[in-house]
Amino acid sequence: MNVNSIETLLESILQELSLLTVQTKATAIQRFNTEYLTTDVRKKAYEKFDGEKTLKEISDELGCNLRTLQVFSATLIENNLIDFQKQGNNKILSKNTSKIAIYYAAQDLKKEEINNG
C-alpha cells in the first residue's frame, strides 16, 4: 500500500469516527447543560472558558463574584469536565467536549453495571 492510499484510508476512518461520536457528544452536551449550566452566571462563565482568561478576568467581565466562579470551576475540574492550566495562582480554563462525552459515557456504564448486577 502506498502512502497516498494509507492517507486516504486514514482520512476515511477519521471521518467515520467523527460521525460516530457526534451523537454521543451532542447528547452529553445536552446533559451537561442541564446538570451544570443551571444559572445565567454559569452559562455565561462557561462560554468565556476559552483557555486565555483567568477566573478573575471572567468575573470582572461578567460582574459576578469571583468565589462563585471558583466553586463552579472546582466542580468542573473535580469531575474532569474541563481542561485547565495554572498560571501562577490563577487557573485558565478551556472547554473540552470530549471530556464531557467521556464523563457521561462512564456514568452510563456504571448505571448499566449496577442494573445488570
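The exercises below work through a predicted model, each with a solution in steps.

**Exercise 1. The nonpolar core**

Find which residues touch the most other members of the largest nonpolar core, and which elements give two or more residues to this core.

Solution. Begin with the membership: the largest nonpolar core holds 21 residues, and those that touch the most other members are Phe32, Tyr46, Phe49 and Leu76. Next, turn to the elements, where two or more residues of this core come from each of helix H1 (3-36), helix H2 (40-48), helix H3 (55-62), helix H4 (66-78) and helix H5 (97-116). Finally, take Tyr46 as an example: leaving out residues up to four places away in sequence, Tyr46 touches Phe32, Leu37, Phe72, Leu76, Ile82, Lys95, Asn96 and Ile100. As background, nonpolar side chains in soluble globular proteins tend to be buried together.

**Exercise 2. Helices H2 and H4**

Determine how the axes of H2 and H4 are placed, and which residues make the contact.

Solution. First take the geometry: the two axes, those of H2 and H4, come within 11 Å and cross at roughly 70°. Because angles of 65 to 115 degrees count as roughly perpendicular, H2 is roughly perpendicular to H4. The crossing of these two helices, H2 and H4, is right-handed. Then list the residues: H2 contributes Val41, Arg42, Ala45 and Tyr46, while H4 contributes Thr68, Leu69, Phe72 and Leu76. Sorted by character, the residues of this contact between H2 and H4 are six nonpolar, one polar and one charged.

**Exercise 3. Helices H2 and H3**

Work out the angle at which the axes of H2 and H3 cross, and describe the residues that meet there.

Solution. The axes of H2 and H3 come within 10 Å, and their crossing angle is roughly 130°. Since an angle over 145 would be needed for roughly antiparallel and 65 to 115 for roughly perpendicular, H2 is oblique to H3. The crossing in which H2 passes H3 is right-handed. On the side of H2 the residues are Val41, Lys44, Ala45 and Lys48, and these meet Ile58, Glu61 and Leu62 in H3. The residues of this contact of H2 with H3 comprise four nonpolar, no polar and three charged.

**Exercise 4. Thr54**

Decide whether Thr54 is buried or exposed, and locate its contacts.

Solution. Start with its place, which is in strand S1 (residues 50-54). Thr54 has a relative accessible area of 7%, and because buried means under 20%, Thr54 is buried. Apart from neighbours within four places in sequence, Thr54 is in contact with Gln87, Asn90, Lys91 and Ile92.

Notes: Residues are numbered from 1 along each chain as its sequence is written. This is a predicted model: local features need pLDDT of at least 70, side-chain atom pairs count only at pLDDT 80 or more; totals for chains, interfaces and linings use all residues. Side-chain values use heavy atoms; hydrogens and water are left out. A nonpolar core is a set of buried Ala, Val, Leu, Ile, Met, Phe, Trp, Tyr and Cys residues joined through side-chain atoms within 4.5 Å. Buried means under 20% relative accessible area, exposed over 50%, partly exposed in between (1.4 Å probe, protein chains only). Helices (H or I, at least four residues) and strands (E, at least two) are DSSP runs, numbered from the N terminus. Contact means heavy atoms within 4.5 Å. Axes are lines fitted to C-alpha atoms, for helices over the stretch in contact, and angles run from 0 to 180 degrees between N-to-C directions. Angles under 35 degrees count as roughly parallel, over 145 as roughly antiparallel, 65 to 115 as roughly perpendicular and the rest as oblique. A crossing is left-handed if the near helix is turned anticlockwise from the far one by less than a right angle, and right-handed if clockwise. Ala, Val, Leu, Ile, Met, Phe, Trp, Tyr, Cys and Pro count as nonpolar, Asp, Glu, Lys and Arg as charged, and the others, Gly among them, as polar.
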